[in-house]
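Hi,

Here's the structure I said I'd pass on to you. Have a look at it first, then read my notes underneath.

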Amino acid sequence: SKATVSVLYCGRMACCFSLFYDASGLTWGAELIASAIINSAKASQQQPGVNTDRPLSTEDCRVEVVLDDKLTPASGSQFRITDYSPRAFRYFREDPRFGNNISGEDWIKEWEETKSKPQSGALGSGKSGATFIPSANSYYLIKNIDKKEVGVQIDTLKQYLVHFERFPNSLIMRHLNLLKIEEVNQNGSVVLTKYILVSENINDVPSKLKIPIECWDLKGRIPKPGKLPHPSRTVGGTKKDKDLLRDFRVSSSMHKGLIDQLEKDTEYLKSHNLMDYSLLLCIVKTNLSLEQRKKLVSSTDENLGLTREALDTFLKSGSIAMRENVQRYHNGVVSSDGTEVFFMGVIDALTNYHGAKKLANCCKQFAFFESQLSTIPAEPYGDRFFKFMTFIFRHKPRKTTIVGAPNQVCPLEFKASKHTLECPLMG
């Protein structure tokens, strides 16, 4: 069934959106979330902007603002929206020092379009209870997260912003808005709470291309017994470490900058006791002739990554909507031979190593090696992750191959037996 509710933003005009129910319970549609994001943006515009003399304070990174506590739809339910650190996130979106360059007008416009033509997907419908919903032009992603992740984001927000100010080309996923939406019944009791995180979409450009995309979610783990890679593994879906039978080659100049940035990002994550993150890597095949590939590589700005002109070289079907003036790697990194374009970022970096993760490590370490686990302390996790990145991103061909697949380049040489699993990368 469908229930339509009206939201009053800060005493202004009402805005309608829909909630959809399914057999598993309430799921939250893009119209509802987009309305809340617009509410947040309009309220934050009433505060001192990014060009004022008042610098961002620690309090700006920790404040919680209730935007509207009188939402009374016809169904009898009410909705309350809490905006976390609104001025800090507005700074992050708008100030060019952070490499985002999203104006307030463009931000609201994107969510107005999302509200009027919501994309597919629903929060709460995935295996973990978290599902992504793209904005109208796929620039941004909506995701519901748990309360612990909210705490991590707030606790680290000031240093998170400092990191991006120092390194505007950071590959860590950019979090642009954080909200809490509560459904309140007629008795005033909260019956449902969702924490909403809005981030950049690493898969922004690839998602708009009408060609196959190869996606990887890589942590640097050695596969557990029985999950070794095999050359005949079915192609399709998001691939994991266990499926990796290749490396990723970029030009020598781009390679140095990429590895340097990954090292800085990993050090930041380690310093805040964060782990269990991964590199999301989306690959587009250019399918160009040799001359066209040479043109693509030569037209790529090594300081900015893939330029608009270079992107149009292999799109063929014409231009697509894409954000301009973004960080170096957002619009793609061309492979050294021009046959592929890589879109990448470090995702899921809001998990601390404590509590449940320590318990999981304690239980699993009797059955598996540390190199096979994600639930390990932040320091060794980060060291392993970065070492893995330096191993898979290459600017020269690798000589090693996997037995049984002479034409496949395998970054990990596995030696499996009944009792051991060794990898020269991890030691």
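Below is what I found, starting with one strand and ending with a residue in a loop. Keep in mind that this is a predicted model.

Let's begin with strand S15, which covers residues 340-347. How many of its eight residues are buried? The count is eight of eight, so-called "mostly covered". You can see this on both faces of the strand: Glu340, Phe342, Met344 and Val346 point one way, while Val341, Phe343, Gly345 and Ile347 point the other way, and all are buried.

Next, who are the neighbours? Strand S13 (residues 278-285) runs antiparallel to S15, and eight bridges join the two. If you want a spot to zoom in on, try Leu281, whose bridge partner in S15 is Met344. Met344 is also one of the buried residues I listed above.

S15 has a second antiparallel partner in strand S14 (residues 333-334), joined to S15 by two bridges. Here Val333 stands opposite Phe342. S14 and S15 make a hairpin with five residues between them, and in that turn Gly338 has a positive phi of about 75°.

Now for the loop. Ser57 sits between helix H1 (30-44) and strand S4 (64-68). Is Ser57 buried or partly exposed? Its relative accessible area is 25%, so Ser57 counts as partly exposed, given that buried means under 20% and exposed means over 50%. Also find Lys158: Ser57 and Lys158 are 101 residues apart along the chain, yet their C-alpha atoms are separated by 8.5 Å.

Have fun looking around!

Cheers

Technical notes. Residues numbered from 1 in each chain as written. Predicted model: local features only at pLDDT ≥ 70, side-chain atom pairs only at ≥ 80, totals over all residues. Heavy atoms only, no water. Buried < 20%, exposed > 50% of the residue type's maximum accessible area, 1.4 Å probe, protein only. Helix = DSSP H or I, 4+ residues; strand = E, 2+ residues; numbered from the N terminus. Pairing = 2+ DSSP bridges.
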